[in-house]
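Colleague: Could you walk me through this one? I'm new to it, so plain words please.

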Amino acid sequence: MDWKDAVSEIITQPGSRIRFREPLAKHTHFGIGGEATAYIEISTVSELAALARFHKQWDVPVAIIGRGSNLLVSDTGFKGISIRLVGALAKLEVDGKVVSVGAGLSLPKLSKTMSRGGLSGVEFAFGIPGSVGGALIMNAGAWGSNFGDVVRNVTVMNDTGELITLTHDEARFEYRHSGLDAYFCVTGATLELEPGDADAITAQMQAFYKQKVETQPFAEENAGCMFKNPPGDSAGRLIDISGLKGYRIGGAEVSTVHGNFILNIDNATAEDVLKLVAYIQAQVREKTGVSLQTEVKRLGFDAKGE
Ligand code: EPU
């Protein structure tokens, strides 16, 4: 049996769907990238567990792409299965100040719902267009807060389809990093938030959003900050003082608003973006002595297209 037939048999629940030869450009905020062999929206834990076992048995690459907000997909695409978690895997349940979230839930939706319900701790996340799963794995953050700070525990799935609950410490949150990518999939988390006044929490959330709109680009397609900040400094500032704002290769350009954003201004290819990344790294190293490391995740770039 072909693996495509085998995987199709797993996706049976309403709310889940599978498509083949799916252009990933339309599932990423960069708007860049070739096709995935298969693309699955998966809505139940049981289907996800079956997929984990399928992955182990057939050795077909699987990538959870979340909401594609921090992702650069290669121009030749991904020879494997890309997955987005929806339905029960994007749930949001509130019990007092303890909130259970599915990995597929969007951060802006979480932030907005919590502010309305008078729970504080995720106001910073309103302007981050990613998923809870991505925010957990990368410990997403802004304005002095990081997602890991509000996490009590995390649920992950291993490659036999078993769910495992990890404590906050076992998740090993660091700056824009965690130990969670060692598992087949992050399925959700329990958050502990701080009860407060809904109006004040909403005002704080909106103030952060205003700050983002004023200091970061938002009209053009991009993947958020391209580089991690080096300790004690801002990659955007270093790119700025290296004179690179507005520098363009092909359809990719360094934002003139914030130096750490690369914009897809005119049908940029992944190759344009990577050439610009290499140019920025070389120039910043030469002018400031700092080696910038990328923050944006990549998919489909190794020899096998994985
Ligand atoms: N700056 C410049 N020129 C620029 C950009 C920044 O001089 O082109 C200066 C700013 O004026 C400020 C300092 O650098 O004095 C820091 O800038 P900013 O407040 O914008 O913060 P950042 O360190 O550049 C980080 C995160 C952002 C997050 C903001 C706001 C990283 C890599 N970046 O940026 O996160 O939104 O703080 O808290 O950690 C992301 O991770 O994708 C991201 C966008």
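**Helices, sheet and cores**

Modeller: Sure: Gly289 comes right after helix H7, with a positive phi near 80°. This is a predicted model, where local features need pLDDT of at least 70 and side-chain atom pairs count only at pLDDT 80 or more, while totals for chains, interfaces and linings use all residues. Residues are numbered from 1 along each chain as its sequence is written, and side-chain values use heavy atoms, with hydrogens and water left out. Helices (H or I, at least four residues) and strands (E, at least two) are DSSP runs, numbered from the N terminus.

Colleague: How far does H7 reach from its first C-alpha to its last?

Modeller: H7 covers residues 270-288, which makes 19 residues. The expected span is 1.5 Å times one less than the number of residues, and here that comes to 27 Å. The model is close to this, at 26 Å.

Colleague: Which strands help cover the buried residues of H7?

Modeller: Buried means under 20% relative accessible area, exposed over 50%, partly exposed in between (1.4 Å probe, protein chains only). The buried residues of H7 include Ala270, Leu276 and Ile280. Their cover includes helix H6 (235-241) and, among the strands, S4, S16, S17, S18 and S19.

Colleague: Within what arc do the buried residues of H5 fall?

Modeller: In H5, the buried ones are Ile201, Met205, Phe208 and Lys212. Seen down the axis, they line one face of the helix because they fall within a limited arc (taken from the directions from the helix axis to the C-beta atoms), namely 60°.

Colleague: And which residues are exposed on the other side of H5?

Modeller: The buried residues have cover that includes helix H3 (107-116) and strand S8 (119-120). On the other side, the exposed residues are Asp199, Lys210 and Glu214.

Colleague: Is Thr215 buried, partly exposed or exposed?

Modeller: Thr215 is found in H5 too. Contact means heavy atoms within 4.5 Å, and Thr215 touches Trp143, Val257 and His258, leaving aside residues up to four places away in sequence. Its relative accessibility is 34%, so Thr215 counts as partly exposed.

Colleague: Which strands stand at the edges of the open sheet?

Modeller: Two strands pair if DSSP finds at least two bridges between them. The open sheet has 4 strands in the order S1-S2-S5-S3, with mixed pairing. Two of them have a single partner strand each, so one side of each is left without a neighbour in the sheet: S1 (17-23) and S3 (62-64).

Colleague: Which residue in S5 is the bridge partner of Tyr39?

Modeller: Strands S2 (residues 35-42) and S5 (residues 78-85) pair in the parallel sense over 6 bridges. In S5, the partner of Tyr39 is Ser82.

Colleague: How many residues of S11 are buried?

Modeller: S11 pairs in the antiparallel sense with S13 over 6 bridges. With S12 (residues 163-167), S11 is again antiparallel, over 5 bridges. S11 is mostly covered, and the number of its 7 residues that are buried is 6.

Colleague: Which residues touch the most other members in the largest nonpolar core?

Modeller: A nonpolar core is a set of buried Ala, Val, Leu, Ile, Met, Phe, Trp, Tyr and Cys residues joined through side-chain atoms within 4.5 Å. The largest has 30 residues, and S7, H3, H4, S11 and S13 each supply at least two. Those touching the most other members are Leu110, Leu136, Phe147, Val154, Leu180 and Leu191.
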